[in-house]
2 protein chains.
Amino acid sequence: MPDFVKDNHLFHNPVEFAMSKIGGTYKMPILWRLKDKKWRFSELQKSLSHASDRMLSKALKELVEDGFVTKEIFPEVPPRVEYTITDRGQKAIPVIEMLRNYGLDLLQEFEVEHPKR
Amino acid sequence: MPDFVKDNHLFHNPVEFAMSKIGGTYKMPILWRLKDKKWRFSELQKSLSHASDRMLSKALKELVEDGFVTKEIFPEVPPRVEYTITDRGQKAIPVIEMLRNYGLDLLQEFEVEHPKR
DNA sequence: CTGCATCCAATCGGATACTG
DNA sequence: CAGTATCCGATTGGATGCAG
């Protein structure tokens, strides 16, 4: 696999390219939630409580630009926006699922403790 | 999946934990190369030509510390060091392979052009 | 409600120089 | 040959304030 260029950015392997599209802290968690149903911005915000709205907004915007998610704006007051996963986004779900399961295995191996709550 | 703590660092989901172990620019390419055989530092350096030796050294060190790779030092002059994948590292290979194939699919979809050489 | 602007802190990665 | 030390720029992510 030779190097290649996309959007004026240099990549060295397919994994690097994939991670540029669905990597980062929030994109996979977002796609994972959109797997089964539409979500509103505020619902995602509540679910991904550790994400600032700026980061959430940024991740969603890129996912929409790259065609993994569609955005629907309802001209109401107050405004309502719904995010839906696309076919391209659905193709990422098995990858995310495998990464999830692998992460769960690793957690076992490293004997991670869960905090009391 | 609740949040959890490991090595004084907070994680929010299994994917995030997995990526903290095998993510970053160089770890997967390294593991992928070690899949079938031992590699010397200089061989990895030559193969991952875009990685500075500092970055390569850093990634290898973390992979060794986390038990994905073992390091064997031969007391010769000049010194020789060989890196070998462990069982834990082998478990990452199917994940990397899936991510690779997914990346290749995405490259097709996005119709990435390869530079002339 | 949805999200952008601005500013800032932390992390990541590159360049260079140097050592056992 | 196989790294480490140092310095620096780029990128990522958080906090706050504000706007349609």
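Okay, let's start right at the DNA: a polar side-chain atom of A:Thr25 sits 2.6 Å from a phosphate oxygen of DNA strand D. That counts as a polar contact, meaning a pair of N or O atoms within 3.5 Å; within protein, one must be able to donate a hydrogen and the other to accept it, and residues adjacent in sequence count only if both atoms are side-chain atoms.

Quick housekeeping before I go on. This is a predicted model, where local features need pLDDT of at least 70 and side-chain atom pairs count only at pLDDT 80 or more, while totals for chains, interfaces and linings use all residues. Residues are numbered from 1 along each chain as its sequence is written, chains are lettered from A and ligands numbered from 1 in the order in which they are written, and side-chain values use heavy atoms, with hydrogens and water left out.

Back to strand D. A:Arg54 goes for a base: one of its polar side-chain atoms is 3.0 Å from a base nitrogen of DNA strand D. From chain B, a polar backbone atom of B:Pro79 lies 3.2 Å from a sugar or linking oxygen of DNA strand D. Which elements give two or more residues to that surface? They are α4 (53-65) of chain A, plus α3 (41-47), α4 (53-65) and β5 (80-85) of chain B; helices (H or I, at least four residues) and strands (E, at least two) are DSSP runs, numbered from the N terminus. α4(B) gives the most, with 4 residues. There are 18 residues around strand D, near meaning that a heavy atom lies within 4 Å. Of the strand D atoms within 4 Å of the protein, 66% belong to sugar or phosphate and the rest to bases.

Now strand C. A polar side-chain atom of A:Ser57 is 2.5 Å from a phosphate oxygen of DNA strand C, and B:Tyr26 places a polar side-chain atom 2.6 Å from a phosphate oxygen of that strand. What does B:Arg54 have 3.1 Å from an N or O atom in its side chain? A base nitrogen of DNA strand C. Here 16 residues surround the strand, and α4(A) supplies the largest share of the surface, 3 residues. For strand C, 61% of the atoms within 4 Å of the protein belong to sugar or phosphate.

Next, the two protein chains. Each of them, chain A and chain B, puts 43 residues into the contact (heavy atoms within 4.5 Å). About 4,000 Å² is buried between them, with carbon and sulfur atoms giving 75%; buried area is the accessible area (1.4 Å probe) that two parts lose on being put together, summed over both. How many salt bridges are there between chain B and chain A? The count is 4, a salt bridge being a side-chain nitrogen of Lys or Arg within 4 Å of a carboxyl oxygen of Asp or Glu. One to look at is A:Arg88 with B:Glu109, closest N and O atoms 2.6 Å apart.

Last stop, the sheet in chain A. Three strands form an open antiparallel sheet in the order β3-β5-β4, where strands pair if DSSP finds at least two bridges between them. β3 (39-40) and β4 (69-74) of chain A stand at the edges with a single partner strand each, so one side of each has no neighbour in the sheet. Between β4(A) and β5(A) there are 6 bridges, and A:Glu72 has A:Glu82 as its bridge partner. Over in chain B, a hairpin of 5 residues joins β4(B) to β5(B), and B:Val69 stands opposite B:Ile85.
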